[in-house]
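Got your viewer open? Load the model below and follow along, selecting as we go.

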Amino acid sequence: MTAEHHTCEQHFMSNTIQQPDGIFVVRLPTKIDSKQLGSSRLSAERRLHAMERRLENHPDLKVQYHRSMKEYETLGHMTTVKPQEPKQPCYFLPHLAVIKNTSTTTKTRVVFDGSAKTSNGLSLNDILQVGPIVQPDLYSIVLRFRTHQVCFTADIAIMYRQIMVHPLDRDLQRILWRYSSDEPIQEYQLNTVTYGTASAPYLATRCLKKLADDNKCHHPTSAQVLRNDFYVDDLLSCTSTLEEAINLQQELTSMLNTAGFTLRKWTSNHPSFLDNIPTELKETNQILSLANDNGVTTLGLLWIPTADQLQVRNNTTQVLPFNATGSTKRKVLAITASIFDPLGLLSPAVIAYKTFLQKLWQDKLQWDEPLPI
């Protein structure tokens, strides 16, 4: 780890507490004094107006966005505050809608922009420490996922928002919002770790690591899984027997519940594993695979529980209609780029696409020039 990483770790250990109900409370790790931030309210207000215009043009999106913001309020994840005091360090996060049609829970998410510049060119993310990576890499997790007979996956429901930010830091997470353009704009503060801020991934995953460390004596197996088989909020794990898998599921659920985390979207290659899990916590709306079977997205891959296979989605038909008479260098590039393979598992096949594209460059073909026979 770098010197900054060590500083960030020390900051976390010195300032992180758990409330009586087990919920983690963290401080934002800054590397520059927050007083150095310039003004950000005017910029956030302009972004709000732009967001409102977009919502007016898309009524369905407006309903979903308002529902998400109301959920933030209802759950206590954001609260109204008085306008900022002149000398008080404050940062206003612009926010926007991100649509993810493949999600089986929340299609529309509110995302906050911690990289928006203030009047002096500094953003919140500029003054925050990113922190070290505290979880294993994807490749290791997926390899371990294939080593035993009984496999299962789950994720933590709204993990970031289950971790509270200390009240002293919440003025760095203010937003502007209103439910109607006829209402005055109100100031809110976000009370939880916020997606879009530089330190959020570290703070969230570090809380999981601390929870594992605190339980390694009483629950050594599940604590080890918590440390080694999670990638951010996604769990991919396996055991040798069904009995071990069920015990592990119960221990993990209980351990995470003590800190306010809920494991959901459970699925497994062994049907009996799901028998004692409540229906609302099971993965339901599963995604079609290449073989037209049912599967769920797993770290950029497709896992088919019934066949216990990892697959990669064929995105070519979603990109461009590809036919022999209309083939161009632009279409070849689009189709090659559509293959989402973050682990490089398809490299032996994808390299053929890329060498073909390289040949098109060597032939000095234009982007939309028909390819020669």
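Start with the second largest pocket of this predicted model: its volume comes to about 370 Å³. To land in the right spot, select Thr221, Val225, Ser237, Cys238 and Leu248, which sit closest to the pocket's centre among the 21 residues that line it.

Next, colour the elements around that pocket. Helix H5 (138-145), helix H7 (220-228), strand E11 (234-239) and helix H8 (242-257) each give two or more residues to the lining. Which of them supplies the largest share? That's H7, with 6 residues.

Now switch to colouring by residue type. The pocket lining splits into 6 nonpolar, 11 polar and 4 charged residues, worth having in mind if you're setting up a probe of your own there.

Done with the pocket? Move on to a sheet. Select E1, E2 and E7: these 3 strands form an open sheet in the order E1-E2-E7, and the pairing is mixed. The edges are strand E1 (17-18) and strand E7 (164-165), each of which pairs on one side only.

Zoom in on E2 (residues 24-26) beside E7. The two run parallel and are joined by 2 bridges. Where does Val26 find its bridge partner in E7? Click Val165 and you have it.

Last stop: add helix H6 (residues 200-215) to the selection. H6 packs on the sheet, where it touches E1 and E2. Look at H6 against E2, and you'll see their directions make an angle of about 130°.

Key
Residues are numbered from 1 along each chain as its sequence is written. This is a predicted model: local features need pLDDT of at least 70, side-chain atom pairs count only at pLDDT 80 or more; totals for chains, interfaces and linings use all residues. Side-chain values use heavy atoms; hydrogens and water are left out. On a 1 Å grid over the protein atoms alone, a cavity is a set of points where a 1.4 Å probe fits but cannot get out, and a pocket is an open set with protein on both sides within 12 Å along at least five of seven lines; lining residues have an atom within 4 Å of a point. Grid points are joined across faces, edges and corners, and a volume is the space filled by probe spheres set on the points. Helices (H or I, at least four residues) and strands (E, at least two) are DSSP runs, numbered from the N terminus. Ala, Val, Leu, Ile, Met, Phe, Trp, Tyr, Cys and Pro count as nonpolar, Asp, Glu, Lys and Arg as charged, and the others, Gly among them, as polar. Two strands pair if DSSP finds at least two bridges between them. Contact means heavy atoms within 4.5 Å. Axes are lines fitted to C-alpha atoms, for helices over the stretch in contact, and angles run from 0 to 180 degrees between N-to-C directions.
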